[in-house]
Every structure is written in C-alpha cells, then in structure tokens.
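This briefing introduces one protein structure to a reader who has not met it before. It takes up cysteines, a pocket, charged pairs and one further residue in turn.

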Amino acid sequence: MQDIRLAIFDWDGTLMDSVGRIVACVQGAARDCELAVPAPAQIRLIIGLSLDVAMSRLFPLSSGSGSGSGSGSGSAFDERQIAALIDRYRHHYLHDATPSPLFAGAGELLHDWRSRGLQLAVATGKSRRGLDRVLDETGLRPLFVTSRGADEARSKPDPQMLEQILDELGLSTRQAVMIGDSVHDMAMAEAIAMPRIGVTWGVDSRDALRRHGPVAVVDSMAALRGLL
C-alpha cells in the first residue's frame, strides 16, 4: 500500500471503544419513549449509520400509518417519534456513565502515522456536534486534516462522505484507505473502489468484513500500524 497518502477512520468501534455506551443509550431512549427495548445484537447492526437511519431501522415506519402504538420495535412510528428517539439518545449520550475510552494504542498509531507524513481523516456516523466533542475531549483534533459527520453527507454505506473528503483534498480513491469495524464502513469504500481495512475489535466479525473485499482484516492496533 505504498501509494496511500490518506487514512480515513471510522470513529465508534474503530478508534473509540464506545459500542457499549451506544447500546446503553439506544436502550435508554427506547425506555424513555415507552417502546420495546432492542437487544444489544440488534443495536450493533445499526452502529455506524446516521441516527435517523439507525432509529428508523430499529423502529421501522410502515406506509399509511399514523402514530405507533408503542407495542414493540416492529410497530409503525411517525417521524415525530423517530425525532423523539434521537433527542433522547443524544440526552443519554451526554449523561451516560458507560466508559468509552480510546482503544489501547489508537493514539500512538495516529501520532506515528501523522509524524511520517500520512494525512488522517474521519468519516463517522456521529453528528458534527458529537464528533467535535470527542475530537476535543481526546485532544486528537490537530491530527486530522478533515472529517465528515453523519449530518454532512448521506448515511453510510453511501460513499458520499468519502467522495467529499477526496474532493476536498484533491486525492483519488487509490491514494486513500478506509479503516473501520463495520460492514457499513467496508461497503462505503467498496462502492467507490477505495482500498479498505477491517478491524475486528468493534461490531462486525472477520467473516462479515471479508465479504466486502478488504485488503486486510486485522485483530490489533499493532497489526494495523504495520500495514502503512
């Protein structure tokens, strides 16, 4: 991968160990809205998507229906209820005490790659507000040349946020690599033939990641660090 000039990272489940916190906050939002609480396995499937898409998949709408009955995640809900779920999710994310540290070695990897001249970016399912908050809390903002949040482009696996990043930096798909823990990350990069690396410490399995043709799937930050 000698021609790579830019590494684009997913955030949740790739750089930050936040999957448990996301699960807790989705479940808290469901309780607040008096809806059946999705199981952790259901919630893991939507991590990485923008919140509106994620909530709509967990609490799907059906055509021609009015407000939902609140009888379960298979019921029909209107857009106001999706908005209420998002609002309660954001409230819980600000106040939930579930730890969400950076994965061990993540900071060192980013500093090492940046010191060697590799440009770094973020493409995440977080909103701009949420991404700005964690960039500042972790002190990592200066390492990234650009970033895109879920409210600045179409939701993964649509490749729009990757296309925006490439256009901004004047790079081709072959000069960048997408690094992520979910099939949404892999499918997003696959859609524009961008090289991609899957990591197994987040939400999706090695087998699931491999279905999208990554150049590698790694099990540790050390293994990832050695690829570029």
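The structure holds zero disulfides, and this statement, like those that follow, concerns a predicted model. The points below are grouped by topic, beginning with the two cysteines named in connection with disulfides.

**Cysteines**

- C25 takes part in no disulfide, and the nearest cysteine sulfur to it, which belongs to C33, is 13 Å away.
- Because two cysteine sulfur atoms count as a disulfide when they lie within 2.5 Å, the 13 Å that separates the sulfur of C25 from that of C33 leaves C25 in no disulfide.
- C33 is likewise in no disulfide, its nearest cysteine sulfur being that of C25.
- The surroundings of the two can be described separately: C25 is buried, with a relative accessible area of 0%, whereas C33 is partly exposed, with a relative accessible area of 24%.

**The largest pocket**

- The largest pocket contains about 540 Å³ of space, and its lining is made up of 28 residues.
- Among these lining residues, L51, Y89, R90, K126 and S127 are the ones that lie nearest the centre of the pocket.
- Several helices contribute to the lining, since α1 (19-32), α3 (51-58), α4 (79-95) and α6 (128-138) each supply at least two residues of it.
- Of the elements that contribute, α4 provides the largest share of the lining, namely five residues.
- By residue class, the lining of the largest pocket divides into 13 nonpolar, seven polar and eight charged residues.

**Salt bridges**

- Side chains of opposite charge can pair when their charged atoms come close.
- The structure holds 13 salt bridges, and three of them are described here.
- In one of them, the side chains of R225 and D112 meet with an N to O distance of 3.3 Å.
- This pair links distant parts of the chain, given that R225 lies in helix α10 (residues 221-225) and D112 in helix α5 (residues 106-115), with their positions 113 residues apart in sequence.
- R225 counts as partly exposed at 35% relative accessibility, while D112 is buried, with a relative accessible area of 19%.
- A second salt bridge joins the side chains of D132 and R128, at 2.9 Å from N to O.
- D132 and R128 both belong to helix α6, where they are four residues apart, or about one turn of the helix.
- D132 is partly exposed, with a relative accessible area of 23%, whereas R128 counts as buried at 18% relative accessibility.
- A third salt bridge is formed by D158 and R154, whose closest N and O atoms are 3.0 Å apart.
- Each partner of this third bridge is partly exposed, D158 at 24% relative accessibility and R154 with a relative accessible area of 46%.
- Salt bridges that share partners also join R128, D132, D136, R141 and E152 into one network.

**D185 and its contacts**

- D185 has its place in helix α8, which covers residues 183-190.
- D185 is buried, with a relative accessible area of 0%.
- When residues up to four places away in sequence are not counted, D185 touches D10, K156, M178 and G180.

Conventions:
Residues are numbered from 1 along each chain as its sequence is written. This is a predicted model: local features need pLDDT of at least 70, side-chain atom pairs count only at pLDDT 80 or more; totals for chains, interfaces and linings use all residues. Side-chain values use heavy atoms; hydrogens and water are left out. Buried means under 20% relative accessible area, exposed over 50%, partly exposed in between (1.4 Å probe, protein chains only). On a 1 Å grid over the protein atoms alone, a cavity is a set of points where a 1.4 Å probe fits but cannot get out, and a pocket is an open set with protein on both sides within 12 Å along at least five of seven lines; lining residues have an atom within 4 Å of a point. Grid points are joined across faces, edges and corners, and a volume is the space filled by probe spheres set on the points. Ala, Val, Leu, Ile, Met, Phe, Trp, Tyr, Cys and Pro count as nonpolar, Asp, Glu, Lys and Arg as charged, and the others, Gly among them, as polar. A salt bridge is a side-chain nitrogen of Lys or Arg within 4 Å of a carboxyl oxygen of Asp or Glu. Contact means heavy atoms within 4.5 Å.
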